[in-house]
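Work through the three exercises below with the sequence and the 3D structure open beside you. Try each task before you read its solution.

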Amino acid sequence: MIQLVLVGAAGRMGRAVEQAVAGSSGFVIKARVDRAANPPAGAAGWTADAAAVLGAGDVAVEFSDPAACAALATLCAERGAGLVSGTTGLDPAQDEMVRSAARRVAVVRGANFSLGVAVLRRALRTALAALPPGWDVEIVERHHRLKADSPSGTALALTADAAACRGAESGAPCFGRGQGRTGPRAAGEIGVHSVRGGTWVGDHTVLLAGEGEWLELRHVAQDRLAFAHGALAAARFVAGAAPGLYTLEDVLAAGGGHP
Ligand code: NAD
């Protein structure tokens, strides 16, 4: 049995992971960690302090916030616990803390743990390899009104994918198109646009626009279970992996499967 420590357990994703565990086998939730204000007061099995519960061989699964994510990564490295990290919007120093932890323990990190987005990213690479560089790339993401970071981590991953495919032909990303006489589109620019509202779980569209024709690749997450199942596949992978920084692609390539 894999012993899970859920960090951010009271949040939207934490609850989805809890639900996914209930429908899976091979996992035990050893502890649920959240800020003191959030867990049900006095409920058994909850703590505000991951350091009080995390032990060697455990797998921490975190969807929380950037500072909590970075601190947890350091704790995992100290304790010899694996880490599945889904939080987005880390700053460079926090990012380095996760990378540094991954030199000592196995870490799977991803801005999006859904199988559909893994396939969307592959489809984008295939499309860009087949299209001439003159085709414009615009990425539009929609999320619920409470999302803290913008653009989404997934939109940034798609932007990086497109830039890598375009190589020297790629221009800088353009985050929103501004207002007024913004002028013509710069050559090679990758446009990234964030829409916030309502309860959208996650919607990413990549528009590829040529002369007189365009193509749309789109993924819609309707339920957070799509991410939670991927996080559990990653937890299974982490439990048996050597230290290193891995992605969902690595989990899938290792036959980790995705329910
Ligand atoms: P949320 O606000 O609903 O939940 C976050 C939880 O973390 C809250 O309960 C909060 O109290 C807790 N938390 C914050 N700081 C903490 C700390 N220091 N210690 C313990 N708990 C702490 O947010 P959410 O929608 O569940 O998203 C969380 C993160 O996961 C965001 O960064 C989001 O972008 C990301 N996310 C990633 C994926 C993915 O597939 N990788 C999918 C959805 C969301």
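**Exercise 1. Find how much area domain 1 and domain 2 bury between them, and which three residues of domain 1 supply the most of its share.**

Solution. Begin with the bounds, which come from an automatic or database domain assignment: domain 1 is 2-113 + 224-253, and domain 2 is 115-221. The model is a predicted one, in which local features need pLDDT of at least 70 and side-chain atom pairs count only at pLDDT 80 or more, while totals for chains, interfaces and linings use all residues. Residues are numbered from 1 along each chain as its sequence is written, and side-chain values use heavy atoms, with hydrogens and water left out.

Next, take buried area as the accessible area (1.4 Å probe) that two parts lose on being put together, summed over both. By this count domain 1 and domain 2 bury about 1000 Å² between them, and 53% of it is on carbon and sulfur atoms. Of the area that domain 1 buries against domain 2, Asn 112, Arg 224 and Glu 249 supply 40%, more than any other three residues.

**Exercise 2. Give the strand order of the open sheet of 5 strands, and explain why β8 and β11 each have one side without a neighbour in the sheet.**

Solution. Strands are DSSP runs (E, at least two residues) and helices are DSSP runs too (H or I, at least four), numbered from the N terminus; two strands pair if DSSP finds at least two bridges between them. The order is β8-β9-β7-β10-β11, with mixed pairing. Because β8 (173-175) and β11 (214-221) stand at the edges with a single partner strand each, one side of each is left without a neighbour in the sheet.

Now look at one pair: β8 and β9 (residues 190-196) run parallel over 3 bridges, and Pro 173 stands opposite Ile 190 in β9. Helix α4 (residues 115-130) packs on the sheet, where contact means heavy atoms within 4.5 Å, and α4 touches β7 (136-143), β10 (202-209) and β11.

**Exercise 3. Determine where the largest nonpolar core lies with respect to the two domains.**

Solution. A nonpolar core is a set of buried (under 20% relative accessible area, 1.4 Å probe, protein chains only) Ala, Val, Leu, Ile, Met, Phe, Trp, Tyr and Cys residues joined through side-chain atoms within 4.5 Å. The largest has 35 residues, and Leu 4, Val 59 and Phe 113 are among those with the most contacts inside it. Helix α6 (225-239) is one of the elements that give two or more residues to this core, and α6 gives the most, with 10 residues. Since domain 1 and domain 2 both give residues to this core, it lies between them.

Note on methods:
Axes fitted to C-alpha atoms, helices over the stretch in contact; angles between N-to-C directions. Buried < 20%, exposed > 50% of the residue type's maximum accessible area, 1.4 Å probe, protein only.
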